[in-house]
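Trainee: I should like to take a close look at one part of this structure and to understand how it sits within the whole. Could you take me through it in a single connected account?

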Amino acid sequence: MESSQLRITENEALIESSFRRLIAAIEAEREKMRSTWTQIDEEQQVTGDDLSRLKLDTEEWCRAERMKIENEWKRLDRLRERMSVLSPSSREVLQINCSGAIFQLPKRALCSIEGSFLNHMFSDAYIQSVPRDAQGRYFLDFNPECFGIIVDWLTKLEENPHASVPKVPEQQKLNMDMLAEALSLRQFVFGNCLRTNHGTSLKVRGNMAEATHMGWQIISAEHPLKMSGNSFFEIRILSNPDPNTDRIAVGLCGHVPTGAEVHTIRIKDAFVYNSNVGIVGDVVEANNCQERIKFVEGMTIGVRHDIQTRLTHFFVNRASIGSCSLSPDALERMPVMYPVFGLHAVGQKIEADFSLSGPLASRKPDAEKVVEAMGGLEGHASD
């Protein structure tokens, strides 16, 4: 009995000792946690102060940068005002000697072509650099007939802001192309399309043409190629019922075909690639184009005119099939060139695209279609 009581007393002592150690450990952990929380509070306060200072610094930097940007915009606006004619209330009349032809142009009329080099030329920033003749008139070394067309149009715009751009005479189209590009006059750079007044039986809708009768029907583009730089256009064959025998032609002509010319591909001062045949045209001096290519549905035929070499390159599915050059006397007679297209059989249908700058070099041609087209006919077909 006594020994049992003794063991109970010893166990209670051990339990009490362990409990005290546990309480001490808990208190130690509590103290450590209190210390950690105190440290966190202190670091949070320091971080908050740093963030507040950083926010103030950032806002100050943003205000300074915004001020810089606003000042830069104001400087650019002042520079733009100096480099452009922007005041429609100006009463000054510019006396201009253009290669011997005298013009009077109200300076305010230049507001209609803001952004062009002609506008910049007579701005406060550059007008002092424009040379003058012996009579003090501004001297410009431009084509006077083309410049006169521009002056007349600018003058009409003062009376009618919706006045259309005047038609440029055929013999001046090349000169106007070059002058419009030099002066950055986008109003005189025309987008092209198929002619609506073509005198054929073709059914024309937008840039699509469809043959409704047998026999050659020739249609041209509304405007000639741009002669101030390289030009490119292409057609897509939408329908060709019998590509083995029926023919489609695409090429260039020195004028808009009229009268009997719209029913033959043998047009004076013209040359075309005739499907299943090849290049046709007595103006061609040299030609290395692949012959006897049949134009199948879905195929594209492209034409690129190089203004420097005066070579015309042909493409099938944007893969080159060769080029041709014209005789010197033909080049003299053909200062401008209109895209022309010919359909020969009922149901043939094409779509022209004048918006491309050139064949896409990165696009690989459809090899199967090219091989199929190259098979063509065994001999030349007559036109």
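The account below concerns strand 13 and its surroundings.

Trainee: Which strands does strand 13 join through bridges, and is strand 13 largely enclosed or open to the outside?

Mentor: This is a predicted model, and it is useful to begin with the confidence attached to it. The mean pLDDT of the protein chain is 86, and 87% of its residues reach 70 or more. Residues 361-383 stay under 50 in pLDDT, although the model has 40 contacts beyond four places in sequence for them. Where pLDDT is low, the predicted coordinates should not be read in detail.

The chain as a whole has 383 residues, of which 38% count as buried, and it contains 6 helices and 16 strands. Of its contacts with a separation of 6 or more, 69% are between residues 24 or more positions apart. Its accessible surface is about 21900 Å², with 53% belonging to carbon and sulfur atoms.

Strand 13 spans residues 311-316. Because 5 of its 6 residues are buried, strand 13 is largely enclosed by the rest of the structure. On one side of the pairing, strand 12 is joined to strand 13 by 5 bridges, and the two run antiparallel. Strand 14 is also antiparallel to strand 13, and 6 bridges join them. Phenylalanine 315 illustrates both pairings: glycine 302 stands opposite this residue, and serine 320 is its bridge partner in strand 14.

The two hairpins merit separate attention. Between strand 12 and strand 13 there are 5 residues, and in this hairpin arginine 310 takes a positive phi near 60°. The hairpin of strand 13 and strand 14 has 2 residues between the strands, and here asparagine 317 has a positive phi near 50°. Most residues other than glycine have a negative phi. Asparagine 317 lies in the loop between strand 13 and strand 14, yet it counts as buried because its relative accessibility is 5%, under the 20% limit.

A comparison with another loop is instructive. Serine 99 lies between strand 1 (93-98) and strand 2 (101-106), and it too has a positive phi, of about 50°, although it is not a glycine. At 33% relative accessibility, however, serine 99 counts as partly exposed.

Returning to strand 13, we may look at the core to which it contributes. The largest nonpolar core has 38 residues, and Ile235, Phe314 and Phe341 touch the most other members. Strand 13 is one of the strands that each supply at least two residues of this core; the others include strand 7 (231-239), strand 8 (248-253), strand 12 (300-305), strand 14 (319-326) and strand 15 (338-343). A second, separate core of 32 residues includes Leu118, Met121, Tyr138 and Phe188.

Phenylalanine 314 shows how strand 13 meets its surroundings. Beyond its neighbours within four places in sequence, phenylalanine 314 is in contact with residues including Val250, Phe271, Tyr273, Ile279 and Cys289. Its contacts also include Gly302 and Val303, as well as Ala319, Ser320, Ile321, Gly322 and Cys324.

Alanine 249, in strand 8, offers a further view of this region. Its relative accessibility is 1%, so alanine 249 counts as buried. Leaving out residues up to four places away in sequence, alanine 249 touches Trp216, Ile265, Val272, Tyr273, Asn274, Val340, Phe341 and Gly342. Tyr273 is thus among the contacts of both alanine 249 and phenylalanine 314. The C-alpha atoms of alanine 249 and valine 277 are separated by 9.7 Å, the two residues being 28 apart along the chain.

Strand 15 provides a link to a helical part. The buried residues of helix 4 pack against helix 3 (144-159) and strand 15. Helix 4 (residues 173-182) has as its buried residues Lys173, Met176, Asp177, Leu179 and Ala180. Lysine 173 has a relative accessible area of 12% and is therefore buried. Beyond four places in sequence, lysine 173 touches Val168, Pro224, Val336 and Tyr338. Just after helix 4, serine 184 takes a positive phi of about 55°.

Finally, a search of the whole structure finds 0 disulfides. Two cysteines elsewhere in the chain are partly exposed: cysteine 111, with a relative accessible area of 23%, and cysteine 193, at 29% relative accessibility.

How values were computed: Residues numbered from 1 in each chain as written. Predicted model: local features only at pLDDT ≥ 70, side-chain atom pairs only at ≥ 80, totals over all residues. Heavy atoms only, no water. Core = buried A, V, L, I, M, F, W, Y, C linked by side-chain atoms within 4.5 Å. Buried < 20%, exposed > 50% of the residue type's maximum accessible area, 1.4 Å probe, protein only. Helix = DSSP H or I, 4+ residues; strand = E, 2+ residues; numbered from the N terminus. Contact = heavy atoms within 4.5 Å. Disulfide = S-S within 2.5 Å. Areas by Shrake-Rupley, 256 points an atom, 1.4 Å probe, with all protein chains shown as cover. pLDDT = per-residue confidence, 0-100. Pairing = 2+ DSSP bridges.
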